[in-house]
Amino acid sequence: MNATGLVLGLAAALAIVGALLAVGLRNILHNILGFALSQVGLAGLFLTLGSDFLAVVLILVYVGAVAIAMVYAVMLSHPMDVAPVPRSRLKTAGAAVLALVVAAALWLLVRGAAFPPPSGPLEVLAGVTGHRLVSDYVLAFELISVLLVIAMIGAVMVARSFHGHRARTVGSAPAAAGAPAADPGVGAGEAAR
Amino acid sequence: MTTLHAYLFVAVVLFGIGLCGLMLRRSLIAMLISLELMLGAASLNVVALTSLSGASSSVGQVVALILIGVAAAEAAIALSLFVAIQRRAHSIDVEDLSELKG
């Protein structure tokens with residue numbers, strides 16, 4: 001019990017410190033590293049709840065995939081040599097106060113609520129979860145896979161179509177490329193009327 | 001303070017930090033990071049409540065797994081959109097993206 005409490009405290013501290021780094025630091029790459037740290041802490045919290053499979057999936061997906069994808073997006077998009085303009089102190093204080101008020105209200109709500117005690121001992125096995133995933137919740141499981149395929153194809157399409165657009169406009173004169181693109185649209189609209 | 005409340009407190013703190021970051025930061029990627037922190041707080045809530053209070057805990061795990069899947073799809077779409085926006089507008093600072101501002 002004491003060891004569990006120690007792990008809980010450590011994981012909670014990791015999650016919160018990582019989140020603070022992810023939000024507070026100015027360098028976007030440091031933000032991403034803080035985010036990964038926070039997800040590792042969150043996985044530790046899941047581990048103390050007996051959800052070992054969930055913890056592994058969280059680390060694989062967030063630290064292994066999402067954080068790396070974010071680094072790629074930063075390298076493709078962020079101008080690293082331009083220093084960010086500091087936010088005005090008034091706006092910083094306003095955001096902090098508003099977030100604090102929302103968090104305090106949520107905490108009061110949670111503290112006041114009466115939660116029923118657990119119906120049985122804490123026993124979570126990856127096998128039970130996996131069995132439920134392919135029996136009771138098979139529809140949600142399949143929909144998630146469809147969603148992931150659509151998201152993957154959509155991501156490729158979105159990232160590519162703009163590239164093609166730019167290549168076309170760079171190839172010909174920008175003004176000449178814009179005018180023929182607008183004309184068929186107007187003509188089609190008038191023909192429909 | 002019970003063990004359940006410790007988990008819920010961590011979730012509330014994570015949610016507050018994410019909310020603060022979402023309002024404070026102007027880079028789209030930093031805003032996405034804050035959003036993911038808030039989603040993590042929500043899934044921690046679901047898992048903690050189903051594990052330590054009442055219901056069967058594998059339901060919470062299934063919900064959290066689906067949440068992670070949806071968040072991953074959302075991150076993939078969002079990051080590709082950021083790259084496309086950067087190509088068009090040469091900036092992913094939200095204050096530069098004001099074409100529709102009246």
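These legends accompany three close-up views of a predicted model.

**View 1. The interface between chain A and chain B.** Let us begin where the two chains meet. On one side, 77 residues of chain A take part, and they are in contact with 68 residues of chain B. Together the chains bury about 6,300 Å² between them, and carbon and sulfur atoms give 77% of that area. Three residues of chain A are worth finding here: Val23(A), Arg87(A) and Trp107(A) supply 10% of the area that chain A buries against chain B, more than any other three residues. How many salt bridges are there between chain A and chain B? The count is zero.

**View 2. The second largest pocket, with a lining drawn from chain A and chain B.** This pocket holds about 440 Å³ of space. Its lining has 21 residues, and those closest to the centre are Ala69(A), Ala155(A), Ala75(B), Ala76(B) and Leu79(B). Which helices each supply at least two residues of the lining? They are helix H3 (52–77) and helix H6 (138–171) of chain A, along with helix H3 (57–89) of chain B. Of the contributions to this lining, that of H3(B) is the most, at eight residues. By class, the lining residues of the second largest pocket comprise 19 nonpolar, one polar and one charged. Within chain A, the pocket lies between domain 1 (1–80) and domain 2 (128–179), because both domains give residues to its lining.

**View 3. The largest cavity, lined by residues of both chain A and chain B.** Searching the whole structure turns up one cavity of 30 Å³ or more. The volume of the largest cavity is about 40 Å³. From chain A, look for Leu58(A) and Tyr62(A) in its lining; from chain B, look for Leu39(B), Gly40(B), Ser43(B), Leu67(B), Ile68(B) and Ala71(B). H3 of chain A supplies at least two of the lining residues, as do helix H2 (28–52) and H3 of chain B. Is the lining of the largest cavity charged or nonpolar, by class? Six of its residues are nonpolar and two are polar, with no charged residues.

Technical notes: Residues numbered from 1 in each chain as written. Chains lettered and ligands numbered in written order. Predicted model: local features only at pLDDT ≥ 70, side-chain atom pairs only at ≥ 80, totals over all residues. Heavy atoms only, no water. 1 Å grid on protein atoms, 1.4 Å probe; cavity = no way out; pocket = protein on both sides within 12 Å on 5 of 7 lines; lining within 4 Å. Points joined across faces, edges and corners; volume = space filled by probe spheres on them. Helix = DSSP H or I, 4+ residues; strand = E, 2+ residues; numbered from the N terminus. Nonpolar A, V, L, I, M, F, W, Y, C, P; charged D, E, K, R; others polar. Domains from an automatic or database assignment. Contact = heavy atoms within 4.5 Å. Buried area = accessible area lost by both parts, 1.4 Å probe. Salt bridge = Lys/Arg side-chain N within 4 Å of Asp/Glu carboxyl O.
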